[in-house]
Amino acid sequence: MPKTISEKVDWKRIDLSSLDWLPKSYITIRHPRMKVVLKIQATICMAAREYLNSLGFIELLPPIIGPVTDPGIRGAKQVTFDFYGKKYKVMSSAILYKQMAVASLGKIYFFSPNIRLEPLNSVKTKRHLVEFVQIDVEEAYADYFKAMEILEGLLVYVIKKVLREHEEDLKELGRELKVPKRPFKKLTHKEAVDLLRSHGYEEVSYNSEIPWYAEEAISKMFDEPFFIYDYPLGARGFYDREDPDRPGILRDFDLLYPEGYGEAASGAEREYEVEKVIARMRLTGENPEEYGWYIEMLKFGIPPSAGFGIGVERLTRYICGLKTIWEARPYPKVAGIYSP
C-alpha cells in the first residue's frame, strides 16, 4: 500500500510561521495545527453572522470588481485590468459599495474578499496579506460610537462562541483566551500619540496615520482590545466624515488587539454630501471624474451612515494566538512570494 501524506511528512519539522513553507500550502493545509485553526475560523465566521443577523443586519453578496475601489489603503497598490475596453479594479475594499447598499436596506454586511498589492516590507509586520477577507458592516443613520458598540459586541460574541466550542482546540494551540470586558477602552488619536511619545516614539506625528511599528508597540501596552478614534483629516480617505464642529478631525476609529497583534478593524461615519466628498477627493489627490457612478449616487442622495471592516484572518490570528497572519489562511498570498 502507498504511504499516505500523513505517513510521509514529519509535521513537527514544519514551521507554519516560516515563509519558506508558503509555496507549499498544498502540504501545510493538511498540517494538524492548520486543521485546528481552520475549524476555529469556520466558527468565527458562523458566530459573526449569528451576531449580525440577530441585530437585523442583512448579508449581501460582495462586489469583486468595479470601475473604482477604495484608494485609502496605506501604501498598497490596486489591481487594474481591462474590462471590455474599460479600466476596472479588483476590490481593495467594498467601502463605496457599502454606502450604495445601505441606502437600500439600512443595515448590511458583506464577507468581502480584498486584494491589496502590499509593499514588500509589509511581510515584516507578520499581519499583512495580499488577499484577505473582511467582514464589512454598515448601518444607516448610525454614528461612529454606535459602530464601535456593534464592533465590541461582535468581538465579544465571537470569542465567547469560540471558547464554548473549541476549548480543547485552543489548548492544543497553547492559546489562553479571555472574553474582553465592555466597554473597551478608548483613546483619541492625540492621546495615543502622547502615549507613544512618552515611551520613546517621539517621531510619531499628531497629523498623520500611526505607523505600523508604532501600532504594534502601543498594542503591546494593553492586555485587552481598545479603540483609537478621532484621527486627523489627512490620515484617511475621502469617505470618512470630518466632524462639522471640529475641523480637521475625522469621526472615525481603529480597533486594536492587545499583546502586539496590532490593528483589528477600521471604521467611521461616512461623508455623504456630494460637495464635501468632491472637496475631500481633491484634497487627497483623487480625480472625481474617475468616480462617476459614486458621484451620481451621492447627487441622487444617500443617508448618513457608519460602519467598519474587520479582517477575518487577523481575527483568527488573535483568537488562535498565531505568530503570523499567513497561518490564518489556507492558501495565503504574501507580498513578493509566489505561492498557490
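**A small walk through sheet, loop and helices**

Let's begin with an open sheet of three strands, which follow the order S2-S4-S3 and pair in the antiparallel sense. Strand S2 (65-66) and strand S3 (79-83) each have a single partner strand and stand at the edges, so one side of each is left without a neighbour in the sheet. Please keep in mind as you look around that this is a predicted model.

Take the S2 side of the sheet now. S2 and strand S4 (residues 86-90) run antiparallel and are joined by two bridges. If you want a residue pair to click on, try Gly-66, whose bridge partner in S4 is Lys-89.

On the other side, S3 and S4 are paired over five bridges, again in the antiparallel sense. Here Phe-83 has Lys-86 of S4 as its bridge partner. S3 and S4 form a hairpin with two residues between the strands, and in this hairpin Tyr-84 takes a positive phi near 55 degrees. That backbone angle is a nice one to look up in your own viewer.

From the sheet, let's move on to a loop. Pro-119 sits in the loop that lies between strand S5 (107-115) and strand S6 (131-140). Is Pro-119 buried or exposed? The answer falls between the two: its relative accessibility is 26%, and because buried means under 20% and exposed over 50%, Pro-119 counts as partly exposed. Once its neighbours within four places in sequence are set aside, Pro-119 is in contact with Gly-75, Ala-76, Trp-212 and Ala-335. As for Tyr-272, it is 153 residues from Pro-119 along the chain, and the C-alpha atoms of the two are separated by 31 Å.

Our last stop is a pair of helices. Helix H5 (residues 144-165) packs with helix H11 (residues 312-320) at an angle of about 50 degrees, and their axes are 12 Å apart. That angle makes H5 oblique to H11, because it falls outside the ranges under 35 degrees, 65 to 115 and over 145 that count as roughly parallel, perpendicular and antiparallel. The handedness of the crossing of H5 and H11 is right-handed.

Which residues in H5 and H11 meet? From H5 come Leu-155, Val-158, Ile-159 and Val-162, and they meet Leu-315, Tyr-318 and Ile-319 in H11. Sorted by class, the contact of H5 with H11 has seven nonpolar residues, with no polar and no charged ones.

Conventions:
Residues are numbered from 1 along each chain as its sequence is written. This is a predicted model: local features need pLDDT of at least 70, side-chain atom pairs count only at pLDDT 80 or more; totals for chains, interfaces and linings use all residues. Side-chain values use heavy atoms; hydrogens and water are left out. Axes are lines fitted to C-alpha atoms, for helices over the stretch in contact, and angles run from 0 to 180 degrees between N-to-C directions. Helices (H or I, at least four residues) and strands (E, at least two) are DSSP runs, numbered from the N terminus. A crossing is left-handed if the near helix is turned anticlockwise from the far one by less than a right angle, and right-handed if clockwise. Contact means heavy atoms within 4.5 Å. Ala, Val, Leu, Ile, Met, Phe, Trp, Tyr, Cys and Pro count as nonpolar, Asp, Glu, Lys and Arg as charged, and the others, Gly among them, as polar. Two strands pair if DSSP finds at least two bridges between them. Buried means under 20% relative accessible area, exposed over 50%, partly exposed in between (1.4 Å probe, protein chains only).
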